[in-house]
Amino acid sequence: EWNMHMYMEEAAEDIRKQAGSKPVLLLISGGVDSTVVGGMLLKSLPHDQVHLMYIDTGLMRKNESVKVEKTLKALGATHLHIIHAEKDFLDPLEGVSDPEKKREIIGDAFIRVQEREIARLGVENSILAQGTLYTDMIESGKGVGNKAKVIKSHHNVRSPLVERKREQGLIIEPLSKLYKDEVRALGIELGIDPDVVNRHPFPGPGLAVRIIGEITREKLQILREADHIFISELKARGLYHNIWQAFVVLLPVRSVGVTGDAREYGYVCSLRAIISRDGMTADVYPFEMNDLLEISSRITNQVRHIGRVAYDISSKPPATIEWE
Ligand code: XMP
């Protein structure tokens, strides 16, 4: 598209001016925004100058880390630092079931791992690139001049790194004039896989807020399998792009079922699928009953520990999109 092409060329020129010959560091979450920023940096600068860091928290979906790595390599990433930090996140989460406490632990772990890995890689003096969108700027710019703060209300990471870099004027934000749909268009212009560009949003704390109650490695594994089936089915049925966000929630409830002659207690999970413009309000996706029945039976047949599937029919408000 002509307009987006122009925008891309201008933004690339800006990035070159701002970066000069300094190394640029970008923390990749795997979501659309940071991936598109990664694409912009790699388009604008010598690949050697671009450091991409992705932290595997152990709270990601099935195959997520592998996909992120593939996408970024396809864009030419050479310094791609995949940090396997599952232990840093899962150990302190052990035995914790309070949702806010979980978010706090995850936020702290992000900061700790980031600082440690930045020091280890010796990229302390780099410029920091961020996937801040236009909406993030206005939301947070209210009443404080244009000193934009980056983070959405429940984005958990009040990052000292970002604050430090901002004070030093060492921040690049190539998406700060764009709305989400324009970011997607830019992603396509950059040649990023449309599957990546059109993904549903995924929360920073990942699967941690989709396992109600205590998080264990076993529950993560169960949820990953169920979520993978749900999302694959939505894609196979051509429904994925009609839905704004869809996922499975694993409940801390076991319920009785029968397998063969035996009574067994399996976990209960709930499917969630909503339509929305911006996540502020949401309507329940009106599935055809048959789709739900078939998806449910695939989940209970293929995920051993799940014995019962429910569908969440609450809109936002009064419910939120995530369960915690
Ligand atoms: P709620 O649950 O508040 O979610 O209706 C609205 C949107 O925000 C996402 N979400 C989060 N994103 N950190 C994030 O980065 C979080 O702690 C968080 N909680 C919710 C949610 O997935 C939905 O898209």
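**View 1. Ser 29 in the loop between β1 and α2 of this predicted model.** Welcome to the first close-up: Ser 29 sits in the loop that links β1 (24-28) with α2 (32-44). Look around the residue and you will find 18 other C-beta atoms within 10 Å, so Ser 29 is partly exposed. A count of 20 or more would have made a residue buried. Setting aside residues up to four places away in sequence, Ser 29 touches Ser 34 and Gly 204.

**View 2. Gly 31, also placed in the loop between β1 and α2.** Is Gly 31 buried or exposed? Gly 31 is partly exposed, because 17 other C-beta atoms lie within 10 Å. Its contacts, leaving out neighbours within four places in sequence, are Pro 201 and Phe 202.

**View 3. The residues that UniProt lists as "binding site".** Here the label comes from an unreviewed UniProt entry, which names Ser 29, Gly 30, Gly 31, Val 32, Asp 33, Ser 34 and Thr 35. You have already met two of these residues, Ser 29 and Gly 31, in the views above.

**View 4. The antiparallel pair of strands β6 and β7.** Now we move to another part of the model. Strand β6 covers residues 245-259 and strand β7 covers residues 262-275. The two run antiparallel and are joined by 12 bridges. For one facing pair, find Phe 247, which stands opposite Arg 272 in β7.

**View 5. The turn of the β6 and β7 hairpin.** How many residues lie between the strands of this hairpin? There are 2, and Gly 260 takes a positive phi near 60° in this hairpin.

Definitions and conventions:
Residues numbered from 1 in each chain as written. Predicted model: local features only at pLDDT ≥ 70, side-chain atom pairs only at ≥ 80, totals over all residues. UniProt positions renumbered as here; feature names shortened; annotations may be inferred. Helix = DSSP H or I, 4+ residues; strand = E, 2+ residues; numbered from the N terminus. Buried ≥ 20, exposed ≤ 12 C-beta atoms within 10 Å, placed from the backbone. Contact = placed C-beta atoms within 7 Å. Pairing = 2+ DSSP bridges.
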